[in-house]
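Here is my note on the model you sent round. The points are numbered for ease of reply.

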Amino acid sequence: MVNSRRSFIKISAMGASGIAISTSALGAIPSDLTSNKKGVATAATLKRSATYCEVCFWKCAAWAYSDENNNIQKIIGNDNDPHCYGRLCPRGTGGIGMYSDTDRLKKPLIRTQINGEDTFREASWEEALDLVAKNMRQIKDTYGSESMALIKHGSPGSHLEHLFKAFGSDTIAEPAYAQCRGPRETGFGLTFGSWVGSPEPTDIRDTKCLVLIGSHIGENMHNSQVQEMSDAIDNGANIITVDPRCSTAASKSQHWLAIKPATDIALLLSWMHVLIYEDIYNKEYVEQHGHGFEALKKHVKPFTPEWAYGITTIKPEEIRKTARVMAAAAPAAIIHPGRHVTWYGDDAQRERAIAMLNGLLGSWGNRGGFYFKEKIKVPKYPHPAYPHPKWGWKELGKKYPFAEMGNTMEVIKASIPENNPKYPIKGWFVAGTNLVTSVPQRAMIEKAIESLDFMVVMDTMPMEITGYADVILPECTYLERYDGIRSATNREPSIALRCPAVPPKYDSKPAWWMAKEIGTRLDLQAYFDYNDFEEVIAWQLNEMGSSLEEMKKIGVKNFKRKSGSLYMEKGKAHEFATTSGKIEFYSEDLAELGLDPMPVYTSHESPDQGFYRLNYGRSPMHTFSRTINNPNLSDLTDENTLWVNPKVARIEDLKNGQYVWLENQDGIISSFSIKVRVTERIRWDSVYMYHGFGHNNKKLSRAHGKGASDTELISRIKVDPLMGGTGMRGNFVKILIENPTKEVLL
Ligand SMILES: Nc1nc2c(c(=O)[nH]1)N[C@H]1C(S)=C(S)[C@@H](COP(=O)(O)OP(=O)(O)OC[C@H]3O[C@@H](n4cnc5c(=O)[nH]c(N)nc54)[C@H](O)[C@@H]3O)O[C@H]1N2
Ligand SMILES: Nc1nc2c(c(=O)[nH]1)N[C@H]1C(S)=C(S)[C@@H](COP(=O)(O)OP(=O)(O)OC[C@H]3O[C@@H](n4cnc5c(=O)[nH]c(N)nc54)[C@H](O)[C@@H]3O)O[C@H]1N2
Ligand code: SF4
Ligand SMILES: [Mo]
């Protein structure tokens, strides 16, 4: 089992490099140290500390090994962890580089002017935190606490969320909602009454058919999913991949449907047509649990495979064949919800179509489909009740009836006075998100920042966003701090501990400490009734029947399920948390609001002559923009490439390896050039690049100027009317062979 996982990750790493190469490059060793002779000798002298990885949000539990000089020697997976099954992905192994990167932020910095030019000067913690508290208080006194917004991602966010709620602001948002998975939570919520959540409750290890729609597991390195998919392949599962690009997953699939971009809803409707009109859907399940099936049957009647062919370019036989494969596997079939699903603005409806297809197959609540997830509640450390803000993220996103979390875009818009916002925002606290690379429409973001009274950024690295701050607070990395106990949904509940493997380098500090210090300056000390966050964790673990000592020894603790069976029990009624209490093929909630109760296909713009759709996705060796400068990971992939079809290469006269610039439909030109990769693996109507590259902060010595930024070229967005998601895939680029900036300079 372990071998096959390793070999899948190896092939999954695209092109030449893979985990086999990367682990030797990084000096990683097997997870079981005692089985390795060399390992035993080293292990004896190394300190082992429990942590969970912060390189991405899968949060794999790990062991960090450090020597007496506080060098971290290696990070390996915790064998008892359901997020990683004892193995980290190459990025997790390379997490050491986050700690050792000499470009890190080292001291608090305050914006100042020297000879009329803006620059940063080093400051003491005392001065920097005083300045943050003073500005927060000023905004509170002048406009109300609500006008101070928190934009966050990752672990530091929860410490600051506590500070903000105590301060009286619920104006909180993160790019992991409206720029990532928000639409799928709406689509699945409306259909099954339940969010998908993270990790997704997909029973991949036992599936007989996995359908990936623009979800590229294997490059999207979500650890346990990659491993389970590898096992499923070994066990003979059918993989169907719908992607305009031949992703790694597509290359492992029995069926690769190279769909015309932006037409997925047509394919999904047509698949439903085949299942229903060939009478191969899961009748017993639909009868027992479905609501509105007859309406759906009528709705999808015209959507024959012949109809869909004209839209999607997928042959009718292929649509029929793949629908039959799913039906044969049902209910052990998964139409994967995907994760970064903010594409074309009708995303919540596309996700609803995905959910409904799962409903027709009976996969929700069945082995090899979706299991019923469970997590364990971490008790709240006692603190006074939070005040009630007059407004917050909910009011900002009010025009989207199904928005369930703060929307970064709405925070940005409400920060621009000329938008005449009803709920004006005057200050930003940005923590753990490189906003200008993760949210499109840079011109608008810059305008918003320009309008703010105050902006503070907490980060570990000098990223693009730190360049805009008034105050920069250097956080230590996850390997140097305590953070909240990880408790995530899974087959069985589990918790994981993160404690410092080494003391903070330079003059960096953990987020919990900064939150407490700022809170104290704002007279909120009652909310921070501890000297060290260790006390909070120790108290919580005791309440949960464990202890800090135990968790330091085991890292991960698994608990027995309490909520009942992992799957539906045959013959037993099941109540879904929807309006009808059933799986809603016809959505009562949408109908009530006058919205489409069942998904419809609407056509989206296609690129004009000479333009190609800008497609983007994950680099297997990197996480967004955050790891591009990581010394270990930039060794593996140091720039992105522009995938172009040979036909495009011919038309545009492009050679493999040649550097080009891109100009989008609004005349925005890429700051840097990008290397051409001519490949059959991308359709001729699109070009493809990894997201996260093209950094323009010179302080990133390895990442600056390497590759191009997709975000920079995304100036047109399509907003999801249901939940406010930021559709980013409707941008078109033309390819420039000459350096356009040089021309301007001449
Ligand atoms: N164009 C485009 N935009 C996208 C996407 C895309 O594919 N293309 N993907 C979208 C998706 S799916 C998501 S989830 C979002 C992700 O959006 P972000 O989370 O904003 O992603 P990053 O760019 O990695 O920014 C993370 C920031 O946190 C910092 N950081 C890392 N570790 C720590 C830490 O321990 N403490 C602190 N304080 N800071 C830390 C990093 O240095 C970096 O500046 O982006 C979305 N935006
Ligand atoms: N290595 C690595 N893994 C990661 C991350 C990371 O940064 N690095 N980030 C994590 C996060 S937060 C997220 S949200 C997930 C995102 O992972 P996924 O949800 O898997 O999504 P993307 O990376 O956006 O997927 C892009 C795929 O969609 C295809 N695509 C583009 N347009 C269309 C279309 O119109 N139709 C169809 N069917 N396909 C299309 C692209 O060709 C590409 O293969 O990855 C997670 N895993
Ligand atoms: S999937 Fe990789 S990067 Fe993400 S948490 Fe796990 S080991 Fe870390
Ligand atoms: Mo994401």
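Which polar side-chain atom lies 2.7 Å from a nitrogen atom of ligand 1? The atom belongs to E475. The model is a predicted one, and the points below should be read with that in mind.

1. Ligand 1. There are 29 residues around this ligand, and those that come nearest are H153, S438, D459, E475 and S625. E475 thus appears both in that nearest group and in the 2.7 Å approach to a ligand nitrogen. Two further side chains reach nitrogen atoms of ligand 1: a polar atom of H691 lies 3.1 Å from one, and an N or O atom of D710 is likewise 3.1 Å from a nitrogen of the ligand.

2. Ligand 2. Here the surroundings comprise 32 residues, with H216, D243, D264, Y344 and H622 coming nearest. The side chain of N220 places a polar atom 2.9 Å from a nitrogen of ligand 2. For R91, a side-chain N or O atom is 3.2 Å from a ligand nitrogen. R339 takes part through its backbone, where an N or O atom lies 3.0 Å from an oxygen of ligand 2.

3. Ligand 3. The shell consists of C53, V55, C56, W58, K59, C60, L88, C89, R91, G92, M221 and N223. By class it holds 8 nonpolar, 2 polar and 2 charged residues. R91 deserves a second look: it is listed around ligand 3, and its side chain also comes 3.2 Å from a nitrogen of ligand 2.

4. Domains. The protein is split into domain 1, covering 193-373 + 569-592, and domain 2, covering 612-736. Their centres, taken over C-alpha atoms, are 29 Å apart.

5. The interface between the domains. Contact involves 28 residues of domain 1 and 26 of domain 2. About 2000 Å² is buried between the two, and carbon and sulfur atoms give 55% of this area. How many salt bridges cross the interface? The rule finds 0 between domain 1 and domain 2. Polar contacts are present, with a count of 11 residue pairs, both partners at pLDDT 80 or more. On the domain 1 side, the elements giving two or more residues are α10 (248-251) and α16 (347-361). Of these, α16 gives the most, with 3 residues. The residues on that side divide into 11 nonpolar, 12 polar and 5 charged.

6. Salt bridges. Side chains of opposite charge can pair when their charged atoms come close. The count for the model comes to 47 salt bridges. One of them joins the side chains of R320 and E278, at 3.9 Å from N to O. This pair links distant parts of the chain, 42 residues apart: R320 sits in helix α15 (residues 316-329), and E278 in the loop between α11 (264-277) and α12 (283-289).

7. Backbone points to check. Most residues other than glycine have a negative phi, and most peptide bonds are trans. The bond from S198 to P199 is cis, with omega near -10°; P199 lies in the loop between α8 (175-192) and β8 (209-213). A330 and P331 are also joined by a cis peptide bond, with omega about 5°, and P331 is in the loop between α15 and β12 (333-335). Y506 is not a glycine but has a positive phi, near 55°. Y506 is located in the loop between β17 (494-496) and α21 (511-521).

Terms used:
Residues numbered from 1 in each chain as written. Chains lettered and ligands numbered in written order. Predicted model: local features only at pLDDT ≥ 70, side-chain atom pairs only at ≥ 80, totals over all residues. Heavy atoms only, no water. Domains from an automatic or database assignment. Contact = heavy atoms within 4.5 Å. Buried area = accessible area lost by both parts, 1.4 Å probe. Salt bridge = Lys/Arg side-chain N within 4 Å of Asp/Glu carboxyl O. Polar contact = N/O pair within 3.5 Å; in protein donor to acceptor, adjacent residues only side chain to side chain. Helix = DSSP H or I, 4+ residues; strand = E, 2+ residues; numbered from the N terminus. Nonpolar A, V, L, I, M, F, W, Y, C, P; charged D, E, K, R; others polar. Near = heavy atom within 4 Å.
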